[in-house]
Structure formats: C-alpha cells, structure tokens
Amino acid sequence: MPCSSQIFTLRSICLDQEIDHKDKINKVSSLLSTGELSLQNDFDEEILIIILEALESLSKNERDRCNNGYIDFCSLFINDKNQRVQWQAIRVITNLVNEDYDFEQIVEKLLVAARNQSELIRWTAAIAFGKILALPQYQNGLLYGQLLQIYHSERQKMVYREYQKILRLDEDRKIYKRKKNFIFTNKL
C-alpha cells in the first residue's frame, strides 16, 4: 500500500490545475523511474489513468528502467470497466513484452479483451498479441489457433487487418510465411 506521503504527492500532482496534463505524466513517470512511488491497486480512477499514462511513457522511452512488476500491475486492469484504463494498461503491457515473463494469465485476459465491444480495445489487444506471438514460447502453441478464430469472427477492418498482419495472412485468408510446410487455404 502506498504510504500517505506518496498518495498526497500523487494527489497534489494530479489535481493541480496549474500543471498541464503532459507535465503531470512526466512528474509521475519520474517518481516511478526513481522508485519514489510504489504501485498498488488502490488509487482512484483519475490518478490511476495518470499513473498508467506515466507507465506508458516510461515503458516506451526508458524501458530499461521498467520491470516485470509494471506488467503485473497493468494486468490488473486489462478488463477494467473503464475503457481508458483498459486501453492504457494493454499499451503498457505491449511495450514491456519480454521473454523473461510468463504471459499465460495475461493472454487469458487479453482473449477476453479481444471480444470487447470497443473496437479500440480489440485493436490494442491485437497489437499486444502480435508482440506476445513473436516470443519463442508462443510461436508454436495454441495461441495462434485462438487468434485465428478471433480473426475469422472480427468484422472491423482496423482490427481485422491487425490480426491479418500478426497471423501473417494474405487477403484471401491464406496462411503464409508462418512456418515451412504449414501453408493451407481457408477461404470463406
């Protein structure tokens, strides 16, 4: 649980009307990167969004300062009721995909997000799956088949094309470039 001084600092940064949004994100990102702020699951939504945006900035610009604890924290919010929280959490996880982390539970949560009503959430989940599918431990597993099923049921062009790209499918829904001797056609 964050100590009261951390919550006060966060709250004062997040609620200060004189600090613009980008500066708030930079300040929180700085607190995270120096270890002055610990992540817990008891922040109110407004502060949580700024924390997730700061984590995204940190994971994109200073990945070497990030750790797998950030993935654990963000995984709590993959299927949050607030779509902005959900979207930010998935984006941070996407930035931090690495071979040293077991993504099994995250994959399960992302499979739920891949069926979300929001096109943006489904598209962001597809991008995360692309990074995870590139990891050696997921290249020949069940995940590819599950994503292929999602791809066939997807109707939004933006999401559909993302799955097409990560599954390496052409316009006629032929699988190609995946593995040698693994070419078949599944025309609808």
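# Exercises on a helical chain

Leaving out neighbours within four places in sequence, Ile127 makes contact with Thr94 and Glu162. The model is a predicted one, and the exercises below work outward from this residue to the helices, the core and the largest pocket.

## Exercise 1. Place Ile127 among its partners

Task: work out which helices hold Ile127, Thr94 and Glu162, and decide whether each of the three residues is buried, partly exposed or exposed.

Solution. Step one is to locate the residues: Ile127 sits in helix H7, which covers residues 119-133, while Thr94 belongs to helix H5, residues 83-95, and Glu162 to helix H9.

Step two is to apply the cut-offs, under 20% relative accessible area for buried and over 50% for exposed. Ile127 has a relative accessibility of 26% and therefore counts as partly exposed. Thr94, at 6%, counts as buried, and Glu162, at 10%, counts as buried too.

Step three is to read the contacts from the partners' side, again without residues up to four places away in sequence. Thr94 touches Thr124, Ile127, Ala128 and Lys131, whereas Glu162 touches Trp123, Ala126 and Ile127.

Step four is to set sequence against space: Ile127 and Glu162 are 35 residues apart in sequence, and their C-alpha atoms are 6.9 Å apart.

## Exercise 2. Check H7 as a helix and find its packing partners

Task: compare the expected span of H7 with the distance between its end C-alpha atoms, then list its buried residues and the helices against which they pack.

Solution. Step one uses a rise of 1.5 Å a residue, so that the 15 residues of H7 should span 21 Å, and the end C-alpha atoms are indeed 21 Å apart, in agreement with that expectation.

Step two is the burial list, which for H7 consists of Ile121, Arg122, Thr124, Ala125, Ala126, Ala128, Phe129, Gly130, Ile132 and Leu133. In reading such a list it helps to recall that an α-helix has 3.6 residues a turn, so residues three or four places apart point the same way.

Step three concerns the partners: the buried residues of H7 pack against H5, helix H6 (104-113), helix H8 (142-153) and helix H9 (157-166).

Step four takes one example from H6, namely Val107. With a relative accessible area of 4%, Val107 is buried, and beyond its neighbours within four places in sequence Val107 contacts Phe129, Ile132, Tyr138 and Leu143. Val107 and Ile132 are 25 residues apart along the chain, with their C-alpha atoms separated by 8.4 Å.

## Exercise 3. Describe the nonpolar core and the whole chain

Task: name the residues of the largest nonpolar core that touch the most other members, and then summarise the chain around them.

Solution. Step one is the core itself, which has 63 residues, and those touching the most other members are Leu55, Phe103, Phe129, Leu147, Tyr163 and Leu167. H3 contributes the most to this core, with nine residues.

Step two follows one of these residues: setting aside neighbours within four places in sequence, Tyr163 is in contact with Ala114, Arg122, Ala126, Phe129, Leu147, Ile150, Tyr151 and Arg168.

Step three widens the view to the protein chain, which has nine helices and zero strands. Of its 188 residues, 49% are buried, and among contacts with a separation of 6 or more, residues 24 or more positions apart account for 60%.

## Exercise 4. Characterise the largest pocket and helix H2

Task: state the volume of the largest pocket, break down its lining by residue class, and examine H2, one of the helices that supply the lining.

Solution. Step one is the volume, about 180 Å³, and the lining, made up of Lys22, Ile25, Asn26, Glu53, Glu56, Ser57, Lys60, Asn61 and Arg91.

Step two sorts the lining into one nonpolar, three polar and five charged residues.

Step three assigns the lining to helices: H2 (21-33) and H3 (45-61) each supply at least two residues, with H3 giving the most, five residues.

Step four turns to H2, whose 13 residues, at 1.5 Å a residue, should span 18 Å; the end C-alpha atoms of H2 are 18 Å apart, which agrees. The buried residues of H2 are Lys24, Ile25, Val28, Ser29, Leu31, Leu32 and Ser33, and just after this helix Gly35 adopts a positive phi of about 80°.

Definitions and conventions. Residues are numbered from 1 along each chain as its sequence is written. This is a predicted model: local features need pLDDT of at least 70, side-chain atom pairs count only at pLDDT 80 or more; totals for chains, interfaces and linings use all residues. Side-chain values use heavy atoms; hydrogens and water are left out. On a 1 Å grid over the protein atoms alone, a cavity is a set of points where a 1.4 Å probe fits but cannot get out, and a pocket is an open set with protein on both sides within 12 Å along at least five of seven lines; lining residues have an atom within 4 Å of a point. Grid points are joined across faces, edges and corners, and a volume is the space filled by probe spheres set on the points. Helices (H or I, at least four residues) and strands (E, at least two) are DSSP runs, numbered from the N terminus. Ala, Val, Leu, Ile, Met, Phe, Trp, Tyr, Cys and Pro count as nonpolar, Asp, Glu, Lys and Arg as charged, and the others, Gly among them, as polar. Buried means under 20% relative accessible area, exposed over 50%, partly exposed in between (1.4 Å probe, protein chains only). Contact means heavy atoms within 4.5 Å. A nonpolar core is a set of buried Ala, Val, Leu, Ile, Met, Phe, Trp, Tyr and Cys residues joined through side-chain atoms within 4.5 Å. The expected span of a helix is 1.5 Å times one less than its number of residues.
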